[in-house]
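Let's take a friendly walk through this model, starting from a single residue and working outwards to the sheet around it. Have the sequence and the 3D view at hand.

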Amino acid sequence: MAGKPKLYYFDGRGKMESIRWLLAAAGVEFEEEFLESREQYEKLLQGGSLLFQQVPLVEIDGMKMVQTRAILSYIAAKYNLYGKDLKERALIDMYVGGTDDLMGFILRFPFLSAEDKEKQRAVIVEKATSRYFPAYEKILKDHGQDFLVGNSFSWADVHLLEAILMVEEKKSDVLSGFPQLQAFKARISSIPTIKKFLQPGSQRKPVPDDKYVETVRRVLRMYYNMKAN
């Protein structure tokens, strides 16, 4: 029997958070090793575990997997969250790709200066409400089903809920003009595995704070400042 997947990353969201979300949605327990020092990171590098010299790294089914999208695709396929055929998989990929684009504006947010954070907050809300949320609102309205693809729970639903909650952290009423997404959020949040992950004490990480940012900068030797998009 294979052991639990093991995740190597920082004690914070970053690119690993979507992996945590998907494993939790699938009802899979996992272990984590948090990177807190440059020495830990260099040990992974020297041991050959980081194929492209970067994390996230996930040990699963005897593999050491890097590249976030590859890890997520594998988990989705393994736990039947990737559609029933090639067309559904293509739609899931397309929707996840769109959600990834929106998340990209949020992932860099903690590393910005205070001034740039205010600019980026406005960008995040504008992109969400003018480009991404209208698309998903239309998808749900047009097909009248509970889920984004094939009327069954998939990776696309998990990813979109994660993004919605992230944007709501920047503007709490951001869904006020999107009734389909409001209902979607309520439905997906009530799925038992998701509901459990949203409870206090789960392995879901909080909004990144200064300690997280300092740790990432120190371990990865990030000495430059990011700019708002």
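Is S18 buried or exposed? Keep in mind that this is a predicted model. S18 has a relative accessible area of 9%, and because the cut-off for a buried residue is under 20%, S18 counts as buried. Its place in the chain is helix 1, which covers residues 17-25. Beyond its neighbours within four places in sequence, S18 is in contact with L72, M103, H159 and E162.

From S18 we can move on to the helix that holds it. Helix 1 lies across strand 1, strand 2 and strand 3, and it runs at about 165° to strand 1.

Now for the sheet itself. It is an open sheet of 4 strands in the order 2-1-3-4, with mixed pairing. Strand 2 (31-34) and strand 4 (63-66) are found at the edges; each has a single partner strand, so one side of each lacks a neighbour in the sheet. On average, neighbouring strands are turned by 20° against each other, direction ignored.

Both kinds of pairing can be traced here. In general, strands of a sheet pair through backbone hydrogen bonds, either parallel or antiparallel. Strand 1 (residues 6-9) pairs with strand 2 in the parallel sense, over 4 bridges, and L7 stands opposite E32 of strand 2. Strand 3 and strand 4, by contrast, run antiparallel and are joined by 4 bridges. There, E59 has K64 in strand 4 as its bridge partner. These two strands form a hairpin with 2 residues between them, and D61 in the turn has a positive phi of about 50°.

Methods:
Residues are numbered from 1 along each chain as its sequence is written. This is a predicted model: local features need pLDDT of at least 70, side-chain atom pairs count only at pLDDT 80 or more; totals for chains, interfaces and linings use all residues. Side-chain values use heavy atoms; hydrogens and water are left out. Buried means under 20% relative accessible area, exposed over 50%, partly exposed in between (1.4 Å probe, protein chains only). Contact means heavy atoms within 4.5 Å. Two strands pair if DSSP finds at least two bridges between them. Axes are lines fitted to C-alpha atoms, for helices over the stretch in contact, and angles run from 0 to 180 degrees between N-to-C directions.
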